[in-house]
Amino acid sequence: MNTVLEVSGLTKQYDGIRAVDDLTFSLGEHTATALIGPNGSGKTTTLSMLAGLLRQTSGTIRFSGEGKDPRSAIGFLPQYPKFFPWMTAIEYMELAAGLSGLEGRSVRSACEKTLGFVGLGDAGKKRIGGFSGGMKQRLGLAQAIVHRPSLLLLDEPVSALDPAGRREVMEMLKELGGSTTILYSTHILNDAEEMTDQLLFLRSGKLIEQGPLREVREKYGGSGYRVLFNNPEAAERFAASAPWAARADGSAVTISGE
Ligand code: ADP
């Protein structure tokens, strides 16, 4: 399988804290990978470095689309996308398309098609100020995919949505997975189960477990999997970030995916 992204020794040091600590992993073409970890474990910092928005302290990021304009090769959905409320959805999409390097007469139709794909086909001429949270999340996804990137980075794309909205967005991601490589962060294990080829577990900036979903599951047992922590407090903190899926038990967390 072709490798799309190769990350080696990736580290981000802030004044008092090592937010991301020596991450090494790779992403195969057209695979979906979930970056899982509690709040503060380094997910946003990792994705921001991969998206080129933040410079790493050390380590390398090798993207197979190197040489291509990274604006056109990578799509990024931040955890809290910012919108101009006075803009219409189609105006916003055209702005995003321009920033991603799209130009020419096909831009409008690419924007309309993408709005249709995320279920906002009828909302193009409406102002974003009147959008619900779910509509904004779809619009955020639309701006990330309008230029058909070969690598799609999504920071907690579904955690702000209700169960129905979550399912819809996960379905869209599944559909996109046939033509792009996806790395998304989540603490909703159930979603990771559905469309994930690889799991990356982060804790305190470190990768504590990685591998194909099947292998990780086998390693930690039948229906769920167990992750061992250094102490019960750390296990408790991890479990608290996904109370519906994870249960702390001493220094271990059992993740049921429920
Ligand atoms: P997550 O996305 O998993 O919640 P983050 O990547 O946001 O984690 O944060 C990882 C760690 O880095 C946290 O301890 C956070 O407080 C710290 N951090 C993030 N951004 C900065 C910053 N700009 N300056 C200092 N520390 C930061």
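Two strands pair if DSSP finds at least two bridges between them, where strands (E, at least two residues) and helices (H or I, at least four residues) are DSSP runs numbered from the N terminus. The model is predicted, so that local features need pLDDT of at least 70 and side-chain atom pairs count only at pLDDT 80 or more, while totals for chains, interfaces and linings use all residues. Residues are numbered from 1 along each chain as its sequence is written, and side-chain values use heavy atoms, with hydrogens and water left out.

**The six-stranded sheet**

Six strands, in the order β5-β6-β7-β3-β8-β9, make up an open sheet whose pairing is mixed. At its edges stand β5 (74–77) and β9, each with a single partner strand, so one side of each has no neighbour in the sheet. Neighbouring strands of this sheet are turned against each other by 15° on average, with direction ignored; such angles run from 0 to 180 degrees between N-to-C directions, the axes being lines fitted to C-alpha atoms and, for helices, fitted over the stretch in contact.

At the β5 edge, β5 runs parallel to β6 and is joined to β6 by four bridges, and within this pairing I74 stands opposite L151 of β6. The side chains of β5 alternate: I74 and F76 point one way, G75 and L77 point the other way, and all of them are buried, a term that means under 20% relative accessible area, as against over 50% for exposed and the range in between for partly exposed (1.4 Å probe, protein chains only).

At the other edge, strands β8 (residues 198–203) and β9 (residues 206–212) pair in the antiparallel sense over six bridges. L202 has L207 as its bridge partner in β9, and Q198 stands opposite P212. The two strands form a hairpin with two residues between them, and S204, which lies in the turn, has a positive phi of about 45°.

**The three-stranded sheet**

A separate heading is given to the open sheet of three strands, whose order is β2-β1-β4 and whose pairing is antiparallel. Its edge strands are β2 (18–28) and β4 (58–63), each of which pairs on one side only, and neighbouring strands here are turned by 10° against each other on average, direction ignored. β1 (residues 3–13) and β4 run antiparallel and are joined by five bridges, with T60 in β4 as the bridge partner of S8. Helix α1 (residues 43–50) lies across β1, β2 and β4 and runs at about 125° to β1.

G59, found in strand β4, is partly exposed, with a relative accessible area of 31%. Leaving aside neighbours within four places in sequence, G59 is in contact (heavy atoms within 4.5 Å) with S8, G9 and L10. G59 and V7 lie 52 residues apart in sequence but 7.6 Å apart in space, C-alpha to C-alpha.

The strand pairs described above are set side by side here.

| Strand pair | Sense | Bridges |
|---|---|---|
| β5 and β6 | parallel | four bridges |
| β8 and β9 | antiparallel | six bridges |
| β1 and β4 | antiparallel | five bridges |

**Helix packing**

Two packed helices are described by the angle between their axes and the distance between the axes. Helix α3 (residues 89–99) packs against helix α4 (residues 107–117) at an angle of about 120°, the axes being 9 Å apart. α3 and α4 are therefore oblique to each other, given that angles under 35 degrees count as roughly parallel, over 145 as roughly antiparallel, 65 to 115 as roughly perpendicular and the rest as oblique. The crossing of α3 and α4 is right-handed, that is, the near helix is turned clockwise from the far one by less than a right angle, an anticlockwise turn being left-handed. In this contact A89, I90, M93, E94 and A97 of α3 meet V107, R108, C111, E112, T114 and L115 of α4. These residues divide into seven nonpolar, one polar and three charged, where Ala, Val, Leu, Ile, Met, Phe, Trp, Tyr, Cys and Pro count as nonpolar, Asp, Glu, Lys and Arg as charged, and the others, Gly among them, as polar.

The axes of α3 and helix α5 (residues 133–145) come within 9 Å and cross at roughly 30°, and α3 and α5 are therefore roughly parallel to each other. The crossing of α3 and α5 is right-handed. Here A89, Y92, M93 and A96 in α3 meet L139, A142 and Q143 in α5, and the residues of this contact comprise six nonpolar, one polar and no charged.
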